[in-house]
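Subject: Handing over the structure

Hi,

Here's the structure I promised to pass on. Have a look at it first, then read on for what turned up.

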Amino acid sequence: MGPNGADVNVRAVVRQDGQSVNDYKRTIHVDPPPGGGKTRSVTLLGDTPLKSGQYDLTVVLTDTTGNELVSATTDFVVP
């Protein structure tokens, strides 16, 4: 990350039974970490209404040229 931070592309997909329920795409600016660090945590919040059931969530962060920075997948249950 440069001294002015970095723009990061965010894509998050919520799936139920292999079908996309919601797809989120945005570009965000991440400020540089304090104290000259090289990485910074990013927290994303969403407010998609979901019916009861089992879901999978995949989030991918890429730089502006499309190179993957980090990705994560998890599952969760809506009661």
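First, some pocket vocabulary: on a 1 Å grid over the protein atoms alone, a pocket is an open set of points where a 1.4 Å probe fits, with protein on both sides within 12 Å along at least five of seven lines, and lining residues have an atom within 4 Å of a point. Grid points are joined across faces, edges and corners, and a volume is the space filled by probe spheres set on those points.

With that in hand, the largest pocket has a volume of about 360 Å³. Its lining is made of 16 residues, and Ala-12, Tyr-24, Leu-45, Gly-46 and Thr-48 lie nearest the centre. Strand 1 (6-16), strand 2 and strand 3 each give two or more residues to that lining, with strand 1 supplying the largest share, four residues. (Strands here are DSSP runs of E, at least two residues, numbered from the N terminus.) Sorted by class, the lining has eleven nonpolar, three polar and two charged residues; Ala, Val, Leu, Ile, Met, Phe, Trp, Tyr, Cys and Pro count as nonpolar, Asp, Glu, Lys and Arg as charged, and the others, Gly among them, as polar.

The second largest pocket holds about 310 Å³ of space. It is lined by 14 residues, with Val-8, Arg-40, Val-42, Leu-61 and Leu-69 closest to its centre. Strand 1, strand 3 and strand 4 (68-78) each contribute two or more residues there, and strand 1 gives the most, three. This lining divides into ten nonpolar, one polar and three charged residues.

Now for charged pairs. The whole structure has one salt bridge, meaning a side-chain nitrogen of Lys or Arg within 4 Å of a carboxyl oxygen of Asp or Glu. The partners are Arg-11 and Asp-23, at 2.7 Å from N to O. Arg-11 sits in strand 1 and Asp-23 in strand 2, twelve residues apart. Buried or partly exposed, which is Arg-11? Arg-11 is partly exposed, at 39% relative accessibility, and Asp-23 is partly exposed too, at 34% (buried is under 20%, exposed over 50%, partly exposed in between, with a 1.4 Å probe and protein chains only).

On confidence, the chain averages a pLDDT of 91, and 99% of the residues score at least 70; pLDDT is the predictor's confidence in each residue, from 0 to 100.

Housekeeping: this is a predicted model, where local features need pLDDT of at least 70 and side-chain atom pairs count only at pLDDT 80 or more, while totals for chains, interfaces and linings use all residues. Residues are numbered from 1 along each chain as its sequence is written, and side-chain values use heavy atoms, with hydrogens and water left out.

Cheers
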